[in-house]
Amino acid sequence: MNTTSASRRAIIVGGSLGGLFTANLLLRNGWQVQVFERVADALTGRGAGIVTHPQLLDGLLKAGVKVDDDLGVRVSTRVTLHQDGTVEAEHELPQLLTAWSRMYHVLHQALPAEHYLTGRSVRAVQHLPDRARVILDDNSVHEADLVVAADGLRSRIRQQLMPEAQLQYAGYVAWRGLVEEQDLSDTTRQTLFDRFAFCLPPHEQILGYPVAGALDSTRVGQRRYNFVWYRATDEQQALADMLTDEHGKRWPDGIPPGLIRRQVIQDMRQAAHRLLAPAFTEVVEKTSQPLFQPIYDLQVPRMNHGRIALLGDAAFVARPHCGMGVAKAAGDAMELVNALASTADVSAALASYSQRRTPYGAAIVQHARHLGAYMQAQLLSDMERTMAERYRTPEAVMRETAVDPEF
């Protein structure tokens with residue numbers, strides 16, 4: 001029995017993809033909804049590629065989004081390239097590949113504008129017996145029947161409620177970027193487009209795939225190529241240096257792409273010429289604004305605190321090898337709405353939600369650690385590196401990376 005009604009109000013903290021999934025689903029289930037996004041401007045244009053999975057597509061349909069070929073680019077095969085550019089292995093696996101900006105656009109468009117408020121930074125939350133309270137940085141106070149923390153891997157709400165849950169650096173970074181299809185040579189386009197491609201130089205991994213281009217175009221010649229390059233990086237010296245801008249300011253929570261020092265980008269591009277297949281080298285070289293993300297793990301013991309729910313990366317941060325970040329957030333949102341529809345007791349519904357999704361989130365984190373173990377091992381002992389390399393065959397990497405695991 002669906003017990004939701006228009007009298008129940010939800011505040012969603014965080015207006016990225018997880019928050020948008022939740023807002024759309026709750027609104028369509030009779031809730032009054034407000035999204036508080038701390039960034040004053042629209043988030044369009046951020047992010048890079050996303051691999052779709054069945055639960056992600058299911059979440060889009062339930063959120064009122066039309067799912068068709070306009071959502072992204074379809075590929076049918078995966079290929080691993082040797083450093084000299086020859087094909088080392090091939091694996092058939094049809095997938096639909098999209099981009100963060102495309103996902104944000106369709107989910108934001110599905111939500112009426114009055115439900116999405118920008119420039120609202122949440123300082124604290126409080127759980128009361130019959131409601132939840134949100135306090136903004138401007139000291140304004142807002143109350144609701146439910147608060148959903150969808151404020152990402154550095155969630156303020158999680159830090160307040162569960163300070164013991166801390167991000168753990170995995171020992172490596174992911175360089176990411178998008179390059180226009182029209183800017184690449186014919187040889188590189190023929191090698192990479194219409195495929196999900198990998199290259200496995202010693203102790204590293206790069207992967208890439210085509211996504212929609214400007215104005216969400218999926219037409220040949222108007223697409224973009226998305227790459228992710230994992231590189232072992234010592235936290236105390238190398239990473240600290242990479243997070244320091246031209247003026248000597250260090251950005252411990254992540255440096256904005258435009259502030260990455262030219263020398264850091266130059267060193268990365270020189271490494272591409274030494275280590276990568278020629279097609280990937282060209283992609284890296286021609287990406288106008290590459291960025292990098294330190295890779296972290298994080299998990300929480302539960303996803304509820306009274307009338308406050310944690311969702312997506314606010315609860316579990318998995319290394320991106322699974323390609324499950326957005327799909328996990330969509331699954332969280334669907335499970336949350338199902339739990340709320342089964343009872344009028346919000347706290348009981350959130351306890352049920354946590355009981356179902358916490359084991360799943362923990363399993364995703366563990367699976368991602370398994371897929372990334374060879375990267376982390378590069379900073380460990382020779383024996384650990386040798387063991388990790390045994391599980392880094394092209395066949396294993398292509399079979400398991402960015403594939404929906406069965407738990």
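# Briefing on sheets, helix contacts and two loop residues

Three strands form an open sheet in the order 7-8-9, with antiparallel pairing, where strands are DSSP runs of E with at least two residues, helices are DSSP runs of H or I with at least four residues, both numbered from the N terminus, and two strands pair if DSSP finds at least two bridges between them. The model is predicted, so local features need pLDDT of at least 70 and side-chain atom pairs count only at pLDDT 80 or more, while totals for chains, interfaces and linings use all residues. Residues are numbered from 1 along each chain as its sequence is written, and side-chain values use heavy atoms, with hydrogens and water left out.

**Strands and sheets**

- In the sheet 7-8-9, strand 7 (122–128) and strand 9 (141–144) stand at the edges with a single partner strand each, so one side of each is left without a neighbour in the sheet.
- Neighbouring strands of this sheet are turned by 20° against each other on average, direction ignored; axes here are lines fitted to C-alpha atoms, for helices over the stretch in contact, and angles run from 0 to 180 degrees between N-to-C directions.
- Strand 7 pairs with strand 8 (residues 131–136) over six bridges in the antiparallel sense, and Val125 has Val134 in strand 8 as its bridge partner.
- Elsewhere, strand 11 (residues 168–180) runs antiparallel to strand 15 and is joined to strand 15 by six bridges, with Gln168 standing opposite Asp297 in strand 15.
- Strand 15 (residues 291–297) is mostly covered, five of its seven residues being buried, where buried means under 20% relative accessible area, exposed over 50% and partly exposed in between, with a 1.4 Å probe and protein chains only.

**Helix 1, helix 9 and helix 3**

- The axes of helix 1 (residues 17–27) and helix 9 (residues 325–341) come within 9 Å and cross at roughly 30°, and the two helices are therefore roughly parallel to each other (under 35 degrees counts as roughly parallel, over 145 as roughly antiparallel, 65 to 115 as roughly perpendicular and the rest as oblique).
- The crossing of helix 1 and helix 9 is right-handed, meaning that the near helix is turned clockwise from the far one by less than a right angle, whereas anticlockwise would be left-handed.
- Among the residues that meet, Leu17, Phe21 and Leu25 belong to helix 1, and Val326, Ala330 and Val337 to helix 9, contact being heavy atoms within 4.5 Å.
- The residues of this contact divide into twelve nonpolar, two polar and no charged, with Ala, Val, Leu, Ile, Met, Phe, Trp, Tyr, Cys and Pro counted as nonpolar, Asp, Glu, Lys and Arg as charged, and the others, Gly among them, as polar.
- Helix 3 (residues 100–110) has buried residues that include Trp100, Arg102 and Tyr104, and its buried residues pack against several elements, including helix 1, helix 2 (54–62) and helix 9.

**Helix 7 and helix 8**

- The axes of helix 7 (residues 262–275) and helix 8 (residues 278–286) come within 8 Å and cross at roughly 165°, and these helices are therefore roughly antiparallel to each other, with a left-handed crossing.
- Met268, Arg269, Ala272 and His273 in helix 7 meet Thr281, Val284 and Glu285 in helix 8, and by class this contact has three nonpolar, two polar and two charged residues.

**Two loop residues with positive phi**

- Most residues other than glycine have a negative phi.
- Leu215, which is not a glycine, has a positive phi of about 55°; Leu215 is found in the loop between strand 13 (205–211) and strand 14 (224–232) and is exposed, with a relative accessible area of 86%.
- Asp216, also not a glycine, has a positive phi of about 65°; Asp216 lies in the loop between strand 13 and strand 14 and is partly exposed, with a relative accessible area of 23%.
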